[in-house]
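The exercises below ask you to read a protein model step by step. Work through each task by yourself before you turn to its solution.

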Amino acid sequence: MKIKRFFRLYTRYVAQYFKSVFEYPVDTVIRILAMVITQFSGYVAIWAMFQNITDIAGWSFWEVVLIYATMSMVIGLGELFFEGVWSIAGLAGRGKLDIYLTRPFPVLPQILVSSVGIHGLGNFVTALIFFVQAIAHLSVSLSLIHMILFFLLVITALPIHFSLLLLGNSVSLLTRQINSGSFPTLILKLSDFTKYPISIYPRLLQIVFTFLVPYAFVSYYPATYLLGKGDFPWFALLGPVISAIFLLLSVRVFSYGLGKYESTGN
């Protein structure tokens, strides 16, 4: 399939879904506001913690907020664009993947656009506001090149989040269980650990969050590069490589699981 046709169809899928979402504007606004409140409570928790301490392993309040906001921005974008991966188990368990397989369009993009987490917009906007506030309060010299490279690192880290969600949800294609959301939920919950400096954790956990569940490349390492902190700020530059590896791995696992799909029979 040509790239141009692929993106044309993809954008049409997304546009149609957004139309259906905004048929109920009040419900949409409530969902977005609920996420804003949830996000805000996270920053309040950080503020409350810093009422009794001056820093966490050498990281100040606004530096921790920057890490927290960076991860939250990526998760918000993931909710907007990757929410469909959470439907894989239900589609496979109920035999509804058959519909996607018969269409002349790749299965994975169809799954991605089958759902848009509009609440992710509230997540992203709230995180962006706190990110800007953190940059404004930090007394560090940030060049334009540093800022541009930081945002490039965050953008290239987005596939890491997608890959981990896809890997977790693709397990259902192998186990053939409808209610197999506990594993991908566990993987997503692990991202909460990397909303804080991973240097506060034991070395084993630092290795896990760097190489096995590499959420550290989504928040911590880009922040260390931007602020020039941490043991390995240059490690952030490996983010695009890790992103490419996990993206390839997750698509391979999904394709393998899809090959094992046998529908539901009669």
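**Exercise 1. Decide whether Lys-195 is buried or exposed, and then describe the salt bridge of its side chain.**

Solution. Keep in mind throughout that this is a predicted model. Begin with Lys-195, whose relative accessible area is 9%; because buried means under 20% relative accessible area, Lys-195 counts as buried. Next, look for the partner, and you will find that the side chain of Lys-195 meets that of Asp-192 in a salt bridge, with 3.4 Å from N to O. Finally, classify the partner in the same manner: Asp-192 has a relative accessible area of 33% and is therefore partly exposed.

**Exercise 2. Find how many salt bridges the whole structure holds, and describe the one formed by Glu-63.**

Solution. A search of the whole structure gives two salt bridges. In the one formed by Glu-63, the partner is Lys-229, and the closest N and O atoms of this pair are 3.7 Å apart. Now place the two residues along the chain: Glu-63 belongs to helix H3, while Lys-229 sits in the loop between H11 and H12, so that the pair, 166 residues apart, links distant parts of the chain. As a last step, consider the accessibility of Glu-63, which at 10% counts as buried.

**Exercise 3. Locate Pro-233, classify its accessibility, and state how far it lies from Ser-87 in sequence and in space.**

Solution. First, Pro-233 is found in the loop between helix H11 (220-227) and helix H12 (239-259). Second, its relative accessibility is 22%, and Pro-233 therefore counts as partly exposed. Third, Pro-233 and Ser-87 are separated by 146 residues in sequence and, from C-alpha to C-alpha, by 37 Å in space.

**Exercise 4. Identify the residues of the nonpolar surface patch that includes Leu-144, and classify Leu-144 itself.**

Solution. The patch is made by Leu-144, Ile-148, Leu-152 and Ile-155, and its area is about 430 Å². Leu-144 has its place in helix H8, which covers residues 144-175. With a relative accessible area of 65%, Leu-144 is exposed, because the word applies to values over 50%.

**Exercise 5. Describe the largest cavity by its volume, its lining and the classes of its lining residues.**

Solution. Start with the volume, which is about 40 Å³. Then turn to the lining, which includes Tyr-10, Val-14, Phe-18, Leu-80 and Phe-81. Helix H1 (3-21) and helix H3 (61-81) each give at least two residues to this lining, and the largest share, three residues, comes from H1. Sorted by class, the lining consists of eight nonpolar residues and one polar residue, with no charged residues.

**Exercise 6. Describe the largest pocket and the second largest pocket, each by its volume and its lining.**

Solution. The largest pocket holds about 310 Å³ of space. Of the 18 residues that line the largest pocket, Met-35, Ile-75, Glu-79, Asn-123 and Leu-188 lie nearest its centre. By class, this lining has six nonpolar, seven polar and five charged residues.

Continue with the second largest pocket, whose volume is about 190 Å³. Among its 14 lining residues, those closest to the centre are Arg-203, Gln-206, Thr-210, Tyr-221 and Phe-232. Helix H10 (203-212) and H11 are the elements that give two or more residues to the lining of the second largest pocket, and H10 gives the most, with five residues. By class, the lining of the second largest pocket has seven nonpolar, five polar and two charged residues.

How values were computed. Residues are numbered from 1 along each chain as its sequence is written. This is a predicted model: local features need pLDDT of at least 70, side-chain atom pairs count only at pLDDT 80 or more; totals for chains, interfaces and linings use all residues. Side-chain values use heavy atoms; hydrogens and water are left out. On a 1 Å grid over the protein atoms alone, a cavity is a set of points where a 1.4 Å probe fits but cannot get out, and a pocket is an open set with protein on both sides within 12 Å along at least five of seven lines; lining residues have an atom within 4 Å of a point. Grid points are joined across faces, edges and corners, and a volume is the space filled by probe spheres set on the points. Helices (H or I, at least four residues) and strands (E, at least two) are DSSP runs, numbered from the N terminus. Ala, Val, Leu, Ile, Met, Phe, Trp, Tyr, Cys and Pro count as nonpolar, Asp, Glu, Lys and Arg as charged, and the others, Gly among them, as polar. Patches are made of residues with over 30% relative accessible area and no salt bridge: like charges are joined within 9 Å, nonpolar side chains (Val, Leu, Ile, Met, Phe, Trp, Tyr) within 5 Å. Accessible areas come from the Shrake-Rupley method with a 1.4 Å probe; for residues, only the protein chains shown count as cover. A salt bridge is a side-chain nitrogen of Lys or Arg within 4 Å of a carboxyl oxygen of Asp or Glu. Buried means under 20% relative accessible area, exposed over 50%, partly exposed in between (1.4 Å probe, protein chains only).
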